[in-house]
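Reader: Hi! I have a new structure open and I'm not sure where to begin. Could you walk me through it?
Author: Happy to, let's bring it up.

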Amino acid sequence: MPAAPKPEILAAFEAAKGFMPVGEGLALYEAAVEAGRLGLPLLEVGTYCGRSTILLAGAAREAGVTAVTVDHHRGSEEQQPGWEYHDPETVDPEVGRMDTLPAFRRTLHRAGLEDHVVAVVGRSPQIAALWRTPVGLVFIDGGHTDEHANGDYEGWAPHLAEGGLLVIHDVFPDPADEFTGQAPYRVYLRALESGAFTEITVADSLRVLRRTRAGI
Ligand code: SAH
Ligand code: MG
């Protein structure tokens, strides 16, 4: 039986604003539970309003580890005013820019999961460069330009413990299916081509790879 989130975790996830469909969320949860057995933190790039973070936090709680979630909270390119994925509720009227941190904090509080998550606010490569602890899971769901997706992979994959899981969202092999570009797909191919990963799950646009050897 695959690990499934408790009903209250699933309900909090479904109620949260964000971009993670339920089916893919269940696959993410299952990967997080498995990775949690390594006893290491679970790392997410791309918090947004905390929708996927709820699942990582639920799995972290079960495993007795911490979920770490990284975001500058100013939104990706396609989430800016005038773009397809913009949500006016995410704009801070005082500074006139997106700020998803307040919504994220409310989401996590409502779900009762604040004790299981550390939120790091900043640019992913800058945080990765300061990072020194091995992690059991890296979930890449940040910016969709090649620069950002590659930066996330290069910054965080080296911190993934052997046996740990690399999860990539928005992998669209067919250009006809993609919404925000194919950079995550190219990063997925790059990870496979490195020879350091073995694919273990495909769930729509979510891919789960296990780090089977060193060398990234
Ligand atoms: N995981 C979320 C969706 C993430 S959307 C969910 O389940 O709903 C992508 C997020 O990545 C945005 O909030 C954006 O601010 C963040 N982001 C994009 N590029 C980034 C970068 N270089 N560093 C940190 N965060 C980044
Ligand atoms: Mg995504």
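**Walking through the model**

Author: Let's begin with A161, which counts as buried because its relative accessibility is 16%. Keep in mind that this is a predicted model.
Reader: Where is A161 found?
Author: A161 is in strand β7, which covers residues 160–168.
Reader: And how far apart are A161 and R211 in space?
Author: Their C-alpha atoms are 7.3 Å apart, although 50 residues separate A161 and R211 in sequence.
Reader: Cool. New topic: where does ligand 1 sit?
Author: Ligand 1 is in the largest pocket.
Reader: Which residues come nearest to ligand 1?
Author: There are 20 residues around ligand 1, and the nearest are F19, G46, S52, D71 and D141.
Reader: How does that shell divide into nonpolar, polar and charged residues?
Author: The shell around ligand 1 has three nonpolar residues, 13 polar ones and four charged ones.
Reader: What lies 2.8 Å from a nitrogen atom of ligand 1?
Author: That is a polar atom in the side chain of S52. The backbone takes part in the picture too: a backbone N or O atom of S124 is 2.9 Å from a nitrogen atom of ligand 1. On top of that, a polar backbone atom of G75 lies 3.0 Å from an oxygen atom of the ligand.
Reader: How much of the accessible area of ligand 1 does the protein cover?
Author: On its own, ligand 1 has 590 Å² of accessible area, and the protein covers 98% of that.
Reader: Let's go back to S52. Which helix has S52 among its buried residues?
Author: That's α3, where the buried residues include S52 along with R51, T53 and I54.
Reader: How many residues of α3 are buried?
Author: Ten of the 13 are buried, and the helix runs over residues 51–63.
Reader: What about A63, buried or exposed?
Author: Somewhere in between! A63 has a relative accessibility of 33%, so A63 counts as partly exposed. A63 belongs to α3 as well. In space, the C-alpha atoms of A63 and A35 are 8.9 Å apart, with their positions 28 residues apart in sequence.
Reader: What comes just after α3?
Author: G64 is there, with a positive phi of about 75 degrees.
Reader: Which residue that is not a glycine has a positive phi of about 50 degrees?
Author: That one is Y48. For background, most residues other than glycine have a negative phi.
Reader: Where is Y48?
Author: Y48 is in the loop that runs between β1 (42–45) and α3. Y48 counts as buried because its relative accessible area is 10%.
Reader: What is the phi of H73 near?
Author: The phi of H73 is near 65 degrees, again a positive value in a residue other than glycine. H73 sits in the loop between β2 (67–71) and β3 (91–92).
Reader: Why does H73 count as buried?
Author: Buried means under 20% relative accessible area. H73 has a relative accessibility of 2%, so H73 meets that cut-off.
Reader: What does the side chain of D87 reach?
Author: The D87 side chain reaches the backbone nitrogen of E89, at 2.9 Å. D87 is in the loop between β2 and β3. With a relative accessible area of 18%, D87 is buried.
Reader: One last stop: which helix has L28 in it?
Author: L28 lies in α2, residues 22–36. L28 has 0% relative accessibility, so L28 counts as buried.
Reader: And how far is L28 from A67?
Author: Their C-alpha atoms are separated by 13 Å, and L28 and A67 are 39 residues apart along the chain.
Reader: Thanks, I'll go and look for these in the viewer!

Key:
Residues numbered from 1 in each chain as written. Chains lettered and ligands numbered in written order. Predicted model: local features only at pLDDT ≥ 70, side-chain atom pairs only at ≥ 80, totals over all residues. Heavy atoms only, no water. Near = heavy atom within 4 Å. Polar contact = N/O pair within 3.5 Å; in protein donor to acceptor, adjacent residues only side chain to side chain. Areas by Shrake-Rupley, 256 points an atom, 1.4 Å probe, with all protein chains shown as cover. 1 Å grid on protein atoms, 1.4 Å probe; cavity = no way out; pocket = protein on both sides within 12 Å on 5 of 7 lines; lining within 4 Å. Sits in = over half its atoms within 2 Å of the grid points. Nonpolar A, V, L, I, M, F, W, Y, C, P; charged D, E, K, R; others polar. Buried < 20%, exposed > 50% of the residue type's maximum accessible area, 1.4 Å probe, protein only. Helix = DSSP H or I, 4+ residues; strand = E, 2+ residues; numbered from the N terminus.
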